[in-house]
Every structure is written in C-alpha cells, then in structure tokens.
Amino acid sequence: MDMLARRTLVDHGRDEASGSMSALIDQVTGLVRRQYRVFLIVPAVALAIGLLYLLITPAQYTATTTLLIDSTTLRVLQNQLQPQGDVPLDTLQVGSQVEILASRKLGLAVVKDLHLADDPEFSGTNGWNPFASPAAGSAEEREQRALDEFLAHRSIARADKTYALNISYTSKSAATAAKVANAIAEAYIDDQLGAKYQTVTRAGAWLQDRINELKSKAAAADRAVLDFKEKNNIVDLGGAGASSTAGASTFSRLIGEQQLYELNSQLATARGATSEAKARLDRIEQVQKMDVSEGAVADTLKNDVITRLRNQYIDLSAREANISGRYGADHTAAANLRDQMEEIRRNIRAELGRIAGSYRSDYEIARTRQESMERSLAALVSEGQLTNRDRLGLAELESSAKVYHTLFDNFLQRYMEAIQQQSFPITDARIISPAVAPAKKSKPVTSLVLAISLSLGLMAGIGIAALREAVDGVFRTARQVEQELGARCLSVIPLASASASPVLPRSAAVMAADPGDLPALPPPQGAPEPATSDQQRYAFSDSLKRRAVDDPISVFTEAFRAIKVSAWLQANVRETKVIGITSTLPSEGKSTVAANLAALMADAGRRVVLIDADLRNPTLARSLTPRPQTGWLEVLSGKLDLAEATGLEPTTGLALLPLLLTEAPVHSDEVLASQGFRDLLERLRQSYDYIIVDLPPLAPVVDVRAIVPAIDSFVFVVEWGATSVKTVRRHLLAETELHDRLLGIVLNKANLRMLERFEQPGIYQNGYYMRGG
C-alpha cells in the first residue's frame, strides 16, 4: 500500500509538472500566434536600422603600436650600487605608464607634432558641418578641438600578464591611424626622456647646493676640533691612523692616553717580572735547606757548577762506600774521601748562597721598578680624570665633524651618479611593434551591428508583445472569462459578416435545425395554447437578428446551439424558463443574442417568446416589419390583452412581445420591478417553454437589479476584444444574486481570425460543417 501511495504521488507530481509545462508552452505559442506581426515587424525594422547605420556610417580603421616597458637596459648602463639583475617591474608602475599615455599633455604633444589642428578630420569640418572653417577660432581653440577628437579615438590597453602596452588609434584613414599610433609612442618616449632629464637636472642642482653647504659645515667642524685641542693643550699622536684631519675614520688618540696605555702595559710586565723573581728566590731558599745528596738540587737549579760538584760528590761517595766496605770506615783512604766530599758540600752551599744573593737582588730591583710604575700610573690616572671634561667636548666635536664628512661623501657620490645619468639618453620604454596601415576596417563590424540590431529587435519585439498583452485588458478567450468572472463561458459568437457562411435554403435549414437531440417538452397542465389565428405577423428587417436560423451550418449558429443546450441541461437542476439577456455596456450585441437565441429555440420546435424589456433603448420594435403599434406596456396598463400585443414570426413560430415608448419612462426600474410585470411573466410561463427577456445593460442603469428576482437564469453578453475586464468584474461581481443566477457568459462579436491566435487553430472554422453537409 505504501509503495502504491508513493507511486500515485509520483505520478500525480509528474502529471502536475507536465501540465505546468504544457500550460507554459501553450502560453508561449499563443503569445507568438497573437503577436506574430510584432515579432516579424520589430526585428525587421531593427535590421533595417542596422543596415541603414552600416550604409551611412563611414568605415574606420584601427592601427596598433606595441610599447614594451623594460628597465633592464637602463640598469646595465647605469652605475648603480645595487647588484644587477632582472628585477621585475611593479604592476602599479605599468598602470602609471598607461595613465601617462592617456594624459591630455601627451595628446597635445601629438596634436602639435602632427599639426592635427589643421586636419579636417580633427577640426570637425569633415562633412558634419560643411560651413565650418578649419581656421575658425584661435589656434589654441583649434588645438583643443583636435585634442578632444584625438582622445575620443585613442585607446591604451595592457597586454595580459605582460609589460607590453598596446596603443591603438581609430581613424577614417588607414594611413592616419598608423601615423597617429606611432606618433603617440614616439611622443611618450620623448616625454620620458624630457621628464628624466628635467628630474636629473633639478636633482643635480639641488645636490650641488647641498654639497657646498655640507662642505662648509664639515670645514667649520674641523676648525672647531683644532681650536678645541689648541685651547685645551691636547696633542694627538703622529701617524696616518691617528691624524685629526678631515675625513679621519676614527677619533684621534691623545698623548696622555698613549702614555697611560704604554705605562699600563709596562706595569703589567713589571709585575710579571717581580713575581718571577720572587718565585726564583723562594725556590733557592728551599734548595738551600735540602741535602746536597738530593737530586732535586741540581735538577731544579740546572746550574753547571752545582751539577758538576754534585756529580763529583756522588763519585766520591761511591768510592768511600766501596773502601769502607772493603777496609773499614776508619781507613785513611775512606777518611780522605770523606774530607773531599765535605769540601764539595761546602762548595755547593757556597754556590747556592751566591745564586740566592743574585735572585734576591733581582727581586728587589723588580719590586722597586713595579712600585715606581704604580706611582707613575696613579699620577697619570689622576691627571686623566682632570682632563675627562675636555675630552668629552672633543669627542662631541669630532663626532659632528665625522657626520658632516659622511654626508658630504654620500651627496658627492649621488651627484656624480646624477651627472652620469644625464649622459644616457634612454628610457624604460621601447617600441617592439610599430603600427602599419590596416587593410581591413575595424568599425563598424557588419556582423556585430546586424547581430546587435537583431538582438535588440527581438528583445524589443518581446517587450512590445508583452506590453500589448499586459495592457490589452479585454476578454479574448473562454478560459479568460471563466478565470476572471468565475462563471462558465457558454460560447464564443463570431462577428457576423456577409461572407461568414453561405445561407442555405429554408428547407435545408429546417432539416439541419430540427435535430432529435432535444426532446420536446410537453405543455404544462392547464396552460392555454398560444393563439395563432389573429396574431400579427412580423418579419425581422435586420437579417442579423435571425442569422442563427438562416445560416444553420456555421460557427455562428453553433455558438447559439451551445447556449440552447446549456439552458436545456440546466432545466434538470433548476427552472430556466425565464432567461434574461444582459450585458455590461450598451452596443455589446445583447439584443442580437437574445433574438437569435429565441429564434433558434423556436425553430427547434420550442414555444418561445421574446420580450423587449430595455425601457431605455428598445430595439425589437425597430427591427420588425411591419412596425408594431402596440407593446407590453399597454398590457400592463390594461389597454390591451396579452394576445393582442403579442406578435408572431411565422417562419420559426417565435412569439414577439415588443416595447413601444412614446416617451422615456422616468422610473423604468419601478416598471420592471412592479407586480404587473411579474404577473405578465407568470402568465407567459404558463404558455411558453422559454421566455427570452432582452434586458438593459447592467452598468448604465439599475433596471436589471430590479428584475433579478423575477428571472430564472441570466446570459451575460460580453463583447470580445472590446469590453474591459475591470468594468465587467466591477459590475457583475458586485451583483451576487445575479451572479448566482448566471447560466453563463457569452463572448460576442469575436474575430475568428484573431481568435485563432488565442485558441488552438482550426476550432472556429466552417470547413468542417461544409464537409459534413
């Protein structure tokens, strides 16, 4: 079940989408059918205008010069401090060059260079104003006119993602276009050269003034340094690195500073020497306390005398030990050896004493020298503290002098570079593709003009067609009637004309108009039969009033058959004996509709009476032959009997109840709403199957509103393509009781040929009926 429901929903959605698409297609095709003349004429006119434009517009030619903005050549020739390389240009810089090319200054230069002020193409005397003279106005005014014309046909564009600029000029002469385009490029290059020369010249003059100024300030700063040194008795050390002349890279070193530096170095050396002497003295004193036999004495001192004596002592000690071991310690030889050893020991001690005295003397000398240097250093430090203030002032003067010298050097270098740039007559731009005279015109482009003309024509046609549809504001189709008025459209009656359809003989008409589709209604019980013996016979002098009978095989008659069938079917739901025919405005054909409907019903065998109830403009009596002499107002007044006032159209059996007015009634609505008129309708109900009442229009008078309760059904006539939708809605929808009693709406006087533009073609054609006959 769920699957079935989903499938049903899908099918329903598909049907709705298909219906919407079909409705859209129908609307579009209908719009094309209705407005096809607009869709043909407007684009054709637009194309004709385009062709006329092509014929009267002179051909124009466009020449293009390509200019490359490249600064690599200039950087190679310039002596710049930055490293050489292909540094890309800034995009904004290229955009600035485009603005320069588009400037009026550059354009005026081209105008003057090529003497364009004297050229008729640029002076405005090339055909548009034949009475103007190139010499009219001052030279400046002519140049300005030529400049305006020049700027209007010149274009500058940058090639995509490149530094190439395309300079284009459009002229009526191919040679002029190429000449002007090349002149623009040349003028730009000359302008760049002139601008650079002027810039460098101004910069050089300014730099020269600054250099002279800085030179004077640097000399003054050097003199201040020298004066300060002389005043404070400050003397510099000699040498290239310590010079105090202009351009020195470091501060000059003073004598006091040099002395302090050297004394400090010497003091450090003296302290080292004192420490070394003290160490040697301490060591010799330690050695003196050691025994001679210890090897550290000779190893430490490394003295040749002590080393030799010690070696002798060792030999004697070895011999003494040998002899004592062999002969005893008391042996004379052993004693002699011991004496020699003692002598050697004394000699070693004596040598050690001499060395110690020498070391002590060296230590005292070094200590005395150190103390002397320390006193000298203290004196220099004290003296240097006194001169610190003067040294600070000197440092400030020397720093100022250094700054001025540095600035002087920089400005001098810039000045030399500026002078060097003046000698290079080159720019960043160069022509890579000069303009040549074009062989083909650039404007107007025939295909483009025709395409634009056709496009504008199509858009204008669509707009005009849509506007005509929007402002139409009248009824055109049955669907429109049903949507706007909420009532069924019974039929569309074509505009009757002499050539609408051939008129058949009466016999054929009777055979065609007497179908068996409508069963005969039996007369009401007790109703009297309408008298026919002594009734006045009438004929319609206006053939249009009975055209539905005379021309049965036609679209015109078929429209009335639709009304007749609707009335017959409606009788199964409610009583529809009394049918009122009305409209919104006069002249919509309601009387013609009423007469034809009544005649067609009567011709089909129904008992029908036609009542002219338009008390403001009765038309039935005027369309009858002979002219009636009485009417139903005499019946209401009691002057005549109903049978005497009722006439008969013998060919159809239609009963006619005309209206004769000697003067317009003041209260026509009271007449229609009177009980007498209601009794008259009630009497007619007893005698006739259908009572067709021709009522006045709804908008001008209130008569219809007064008679609404007495009418069973209404047929509302709307003139096709004439009556405003708003007017019908305002009056019909306001009468709710009348709207509820509507049998339907009838569109009258329809132009069938135009109607086919709104409906499906072939619906309203007589050919089908003729083939059937």
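Let us start in a loop: Pro444 sits between β4 (429-433) and α14 (446-472), where helices (H or I, at least four residues) and strands (E, at least two) are DSSP runs numbered from the N terminus. The bond that joins Lys443 to Pro444 is a cis peptide bond, with omega at about -15°. A second cis bond runs from Thr625 to Pro626, with omega near -5°. Pro626 also belongs to a loop, the one between β10 (624-625) and α20 (632-636).

Before going further, a word on the model. It is a predicted one, in which local features need pLDDT of at least 70 and side-chain atom pairs count only at pLDDT 80 or more, while totals for chains, interfaces and linings use all residues. Residues are numbered from 1 along each chain as its sequence is written, and side-chain values use heavy atoms, with hydrogens and water left out.

Now for the overall picture. The protein has 28 helices and 15 strands. Of its 773 residues, 38% are buried; buried means under 20% relative accessible area, exposed over 50%, and partly exposed in between (1.4 Å probe, protein chains only). Taking contacts (heavy atoms within 4.5 Å) between residues at least 6 apart in sequence, 80% join residues at least 24 apart. For a pair distant in sequence, look at Ala44 and Ser453: they are 409 residues apart in sequence, yet their C-alpha atoms are 9.1 Å apart in space. Ala44 belongs to helix α2 (residues 36-56), and its relative accessibility of 42% makes Ala44 partly exposed.

Helix α5 (residues 104-114) is a good place to see sidedness. Its residues Leu106, Gly107, Val110 and Val111 are buried. They lie on the same side of α5 because they cover an arc of only 145° around the axis, the arc being that of the directions from the helix axis to the C-beta atoms. On the face turned away from this buried side, α5 carries the exposed residues Lys105 and Asp113.

Just after α5 comes His115, with a positive phi of about 55°. Most residues other than glycine have a negative phi, and most peptide bonds are trans. His115 lies in the loop between α5 and α6 (120-123), and it counts as exposed because its relative accessibility is 56%. Lys749 likewise has a positive phi, near 60°, but its setting is strand β15 (residues 742-750). With 28% relative accessibility, Lys749 counts as partly exposed.

Another histidine, His731, is found in helix α25 (residues 725-732). Its relative accessibility is 17%, so His731 counts as buried. The side chain of His731 reaches the backbone oxygen of Thr727 at 2.9 Å. Leaving aside neighbours within four places in sequence, His731 is in contact with Thr584, Leu698 and Ala699.

Finally, what space is left inside? A search of the whole structure finds 2 cavities of 30 Å³ or more. A cavity is a set of points, on a 1 Å grid over the protein atoms alone, where a 1.4 Å probe fits but cannot get out; lining residues have an atom within 4 Å of a point. Grid points are joined across faces, edges and corners, and a volume is the space filled by probe spheres set on the points. The largest cavity holds about 50 Å³. Its lining includes Lys545, Asp612 and Asp694, and α19 (590-603) and β9 (608-612) are the elements that give two or more residues to it. The largest share, 3 residues, comes from α19.

Methods:
A polar contact is a pair of N or O atoms within 3.5 Å; within protein, one must be able to donate a hydrogen and the other to accept it, and residues adjacent in sequence count only if both atoms are side-chain atoms. On a 1 Å grid over the protein atoms alone, a cavity is a set of points where a 1.4 Å probe fits but cannot get out, and a pocket is an open set with protein on both sides within 12 Å along at least five of seven lines; lining residues have an atom within 4 Å of a point.
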